[in-house]
Amino acid sequence: MKRIKVNTSTPTEIIIGNNINIKEEIDESRKALLLIDSNVFNTYGKAVMNNLNACIYLINPKESSKSMSSVINILNFMAFNGLTRKDIVITMGGGITTDLGGFVSSIYNRGMRVYHIPTTLLADVDAAIGGKTGVNTGYGKNIVGTFHHPTKVLIDVKYLQTLNEKQIRCGKAEILKYAFIDNLKLLNLINSDNWEEIITQSIMTKIKFIESDEYDNGKRMILNFGHTIGHAIEKQSNYKINHGEAVAIGMATMGRYFGINEIEHEIKKTGLKVTYNGEPKKLMNYILNDKKREDNFYNIIVPESFGKCRIYKTNEKEIFEIIKRVKK
Ligand SMILES: NC(=O)c1ccc[n+]([C@@H]2O[C@H](COP(=O)([O-])OP(=O)(O)OC[C@H]3O[C@@H](n4cnc5c(N)ncnc54)[C@H](O)[C@@H]3O)[C@@H](O)[C@H]2O)c1
């Protein structure tokens, strides 16, 4: 079992292992709310409930659950159950659950502790790490959110066994991102089954960016490689294309436009798609609302060489030229 500390304003302890003892890792002296993905509950709920004394709220694992109406329902449920700011929230599920649970725990009673138990590869390597929370509105993905660092993240590789191929591929998209921005070593590992090492390497890469820029004002933005286009594709496809798949297309598009062909090549090897047959003008409308916009220019993350990315300021005209390459 590995323990990694993230040195942010409120530190996080990340535990990576197989068969982690939840009871030993979570503060049992306080009342707990378990926000759990309904599919995860069906498979693992019984075992978890034997180890936890918590009231339960089921999350429907759909992107539409990351909404302000879900937030209000959960906040009301917490108040109804008498939770105070000293109590804890535990999330268990994929990125939808950790994003939503992270958000409610950051605003209920002005903020309380949250423990994440991610159960998808994508949440293990990305969504549960780094303290970003997010809720969508009609204008786009993660338009509302906070920075709220989890107290602990318990990453248990046993949950990966029940993921289907598509869910594994989605996680691999974010692992490839770490390879393309800073850690090409991951390319040798990605198709192995050494999950603990893959997750550790991915997280160590993410932490490097977070610790040097906790609030996303500079270097941390590089972690968004592929995401500006990816979020627009998710939204335009009405979330039929999910996060990991869309990010992979976003990264491949960047690789094509900036002439780093290895990116598309490596993505294809994992079975992820590299193009999207959407209308570029519509994608552009979503990008106009992206958080990376600053007045009249955009910060986008571009590949500088294979294994290195940088922040690049550009304008609407060039973004549109890049977007056209989504189709090939
Ligand atoms: N906050 C961040 O830093 C951050 C980073 C990356 C992504 N995200 C967000 O994460 C979300 C995507 O996360 P995701 O891909 O984990 O999606 P998800 O939460 O929808 O989970 C995907 C599917 O896997 C199922 N599932 C979960 N665990 C399982 C298990 N162990 N076995 C079988 N099935 C299981 C779920 O029920 C769901 O159907 C997006 O909303 C994205 O915006 C956030």
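Here are some notes on strand β3, helix α9, the ligand shell and a small sheet in this predicted model.

1. Let's start with β3, which spans residues 32-37. This strand is mostly covered, with five of its six residues counted as buried. If you are picking through the model element by element, β3 is a handy place to begin, since several pairings run through this strand.

2. β3 has two parallel partners worth looking at. With β4 (residues 54-59) the pairing runs over six bridges, and Asp-37 stands opposite Ile-59 there. With β5 (residues 88-93) the pairing is again in the parallel sense, over five bridges; in that case Leu-33 stands opposite Val-89.

3. The link from β3 to β4 goes by way of helix α2 (residues 38-51), and the three elements make a right-handed β-α-β unit. Keep α2 in mind for the ligand, as this helix is one of the elements giving two or more residues to the shell.

4. Now the ligand. The shell around the ligand holds 31 residues, and those that come nearest are Asn-39, Gly-94, Gly-95, Thr-120 and Thr-162. Two or more residues apiece come from α2, α4 (95-107), α5 (121-127), β8, α6 (165-181) and α10.

5. How does the shell divide by residue type? There are nine nonpolar, 15 polar and seven charged residues. Both domains take part: domain 1 (2-163) and domain 2 (169-324) each supply at least three residues.

6. Helix α9 (residues 227-236) is mostly covered as well, with nine of its 10 residues buried. The buried set is His-227, Thr-228, Ile-229, Gly-230, His-231, Ala-232, Ile-233, Glu-234 and Lys-235. Note that Glu-234 and Lys-235 are in that set, in case you are setting up protonation states. 

7. What covers those buried residues of α9? The cover includes β8 (140-144), α10 (243-257), α12 (280-287), β11 (297-305) and α13 (316-324). Two of these, β8 and α10, also turn up among the elements that give residues to the ligand shell. After α9 comes Asn-238, with a positive phi near 55°.

8. Last, the small sheet. β10, β11 and β12 form an open sheet of three strands in that order, with antiparallel pairing. The edges are β10 (293-294) and β12 (308-314), each pairing on one side only. β10 meets β11 over two bridges, and Glu-294 stands opposite Phe-297 in β11. β11 is also one of the elements covering α9, which ties this sheet back to the helix in point 6.

Note on methods:
Residues are numbered from 1 along each chain as its sequence is written. This is a predicted model: local features need pLDDT of at least 70, side-chain atom pairs count only at pLDDT 80 or more; totals for chains, interfaces and linings use all residues. A residue is buried if 20 or more other C-beta atoms lie within 10 Å of its own, exposed if 12 or fewer, and partly exposed in between; C-beta atoms are placed from the backbone. Helices (H or I, at least four residues) and strands (E, at least two) are DSSP runs, numbered from the N terminus. Two strands pair if DSSP finds at least two bridges between them. A crossover is right-handed if, with the strands pointing away from the viewer, the path from the first strand over the helix to the second runs clockwise. Two residues are in contact if their C-beta atoms, placed from the backbone, lie within 7 Å. A residue is near a molecule or strand if its C-beta atom, placed from the backbone, lies within 6 Å of it. Ala, Val, Leu, Ile, Met, Phe, Trp, Tyr, Cys and Pro count as nonpolar, Asp, Glu, Lys and Arg as charged, and the others, Gly among them, as polar. Domain bounds come from an automatic or database domain assignment.
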